Amino acid sequence: MEKKTYIGIDLGATNLHFVLINQGNKILQEKVTPTPKETKKAINLIIATIKNFVQKTTAGIGIAIAGLVNQKEGVIYFAPNLGWRNVKLIKKIKRYFPELEIVLENDANAAAWGAYFLLGKRKIKNLICLTLGTGLGGGIIIDGKLYRGVNGTAGEIGHITINPQGLRCNCGNYGCIERYIGANYLVAEVKKEIKQNKKSVISKMVNYDLRKITPEIIALAAKKGDKLAKNIWENVGEKLGIILTGVINLLNPEMIVLSGGISGAVNFFIKELKGTLKKRAFAQSLKRVKIVVGKKNLGVIGVALLAKENN
């Protein structure tokens with residue numbers, strides 16, 4: 001019997017990430033490339049890359065994106081960080097690969113499914129996965145099943161309001177947690193502080209070109225003991241702790257997985273995060289939950305696994 005392969009695609013606001021995995025979930029081929037700003041160019045790039053990845057053994061394709069999606073119809077309702085609305089993505093791709101099973105999923109749901117298989121080994125039946133990057137996504141596994149809600153939009157933890165009079169979010173709401181711990185916000189906040197003459201080694205690190213500031217630079221500055229950078233990450237920990245308090249009290253998970261680029265700086269905000277949870281969450285619920293940092297490929301492998309599940 002011929003062994004099957006599956007393609008996973010993580011369609012992010014910054015990068016497109018492609019993998020080809022085998023039935024043992026091993027990555028056989030991988031590519032990361034910047035996401036074109038124009039929708040048509042992005043879709044054309046996806047199709048062209050699939051053509052380079054697809055093999056005779058390929059049985060399915062999974063595509064993950066940050067936003068609201070209709071899994072059954074293969075439609076992206078709204079991807080705020082890409083500015084996409086009502087894009088019939090699967091229909092467009094299916095024209096070129098009619099014989100393949102193609103699955104569309106929210107990126108945090110895909111990461112949660114990846115965490116369920118790769119971290120929880122399918123034994124941890126109740127977990128939450130957060131994708132911390134340009135935005136903040138959430139995926140929920142309840143009793144070993146992905147919880148999508150009535151029309152597939154469940155898990156949008158990043159769009160829980162933390163400040164009713166706060167900053168306007170790309171989703172249209174005000175004061176979403178995403179606007180306070182997303183990568184773009186962190187960079188903007190550091191730039192603002194430096195322009196207001198706040199002393200920081202970050203200025204020198206980017207050769208006084210503030211356009212070069214990234215979350216990675218902020219993390220390196222924190223490692224050097226920079227006060228501004230440390231304060232930025234402590235604020236991330238506190239805000240994340242407040243939101244996760246509600247999640248823990250509501251869903252009582254066994255595991256919370258932190259994934260995405262921002263999770264790489266977890267050492268700079270985990271103390272504040274855990275301290276906030278200790279102050280706010282139900283003690284019995286908090287005692288049972290384990291907070292872990294996920295592998296970097298959780299989402300893209302997770303969506304390939306969803307394609308495999310549907311095959």
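## Two pockets to start with

The second largest pocket here has a volume of about 430 Å³. Keep in mind that this is a predicted model. If you want to find the pocket on screen, go to Gln71, Lys72, Glu105, Arg148 and Asn310, which lie nearest its centre among the 22 residues that line it. Two elements, strand 8 and helix 11, each give two or more residues to that lining. Strand 8 gives the most, with 5 residues. Sorted by class, the lining of this second largest pocket comes to 9 nonpolar, 7 polar and 6 charged residues.

Now for the largest pocket, which has a volume of about 1000 Å³. Its lining takes in 45 residues, and the closest to the pocket's centre are Asp10, Gly133, Thr134, Gly260 and Gly261. Plenty of elements chip in with two or more residues, including strand 1, strand 2 (15-21), strand 9 (127-132) and strand 10 (136-142). On the helix side, the contributors are helix 3 (107-118), helix 5 (183-195), helix 7 (215-223) and helix 11 (298-310). The class split for the largest pocket is 18 nonpolar, 20 polar and 7 charged residues.

## Strand 4 and its neighbours

Next up is strand 4, which runs over residues 58-65. With 8 of its 8 residues buried, strand 4 is largely enclosed by the rest of the structure.

What does it pair with? Strand 1 (residues 5-11) pairs with strand 4 in the parallel sense, over 7 bridges, and one place to look is Ile9, whose bridge partner in strand 4 is Ile63. Strand 8 (residues 101-106) also pairs with strand 4 in the parallel sense, over 6 bridges. Here you can check Ile65, whose bridge partner in strand 8 is Asn106.

Both of these partners have come up already: strand 1 helps line the largest pocket, while strand 8 helps line the second largest.

## Rings and a charge

The model has 6 aromatic pairs. One of them is Tyr116 with Phe117: the ring centres are 5.8 Å apart and the planes sit at 85 degrees, so this pair is edge-to-face. Tyr116 counts as buried because its relative accessibility is 3%, and Phe117 is buried too, at 16% relative accessible area. Ring pairs also bring in Trp113, giving a cluster of Trp113, Tyr116 and Phe117.

There's one more ring to look at, and this one has a charge over it. The charged end of Arg85 sits over the ring of Phe78, 4.0 Å from the ring's centre.

Terms used. Residues numbered from 1 in each chain as written. Predicted model: local features only at pLDDT ≥ 70, side-chain atom pairs only at ≥ 80, totals over all residues. Heavy atoms only, no water. Buried < 20%, exposed > 50% of the residue type's maximum accessible area, 1.4 Å probe, protein only. Helix = DSSP H or I, 4+ residues; strand = E, 2+ residues; numbered from the N terminus. Pairing = 2+ DSSP bridges. Phe/Tyr/Trp six-rings, centres within 6.5 Å; stacked < 30°, edge-to-face > 60°. Lys NZ or Arg CZ within 6 Å of the ring centre and 35° of its normal. 1 Å grid on protein atoms, 1.4 Å probe; cavity = no way out; pocket = protein on both sides within 12 Å on 5 of 7 lines; lining within 4 Å. Points joined across faces, edges and corners; volume = space filled by probe spheres on them. Nonpolar A, V, L, I, M, F, W, Y, C, P; charged D, E, K, R; others polar.
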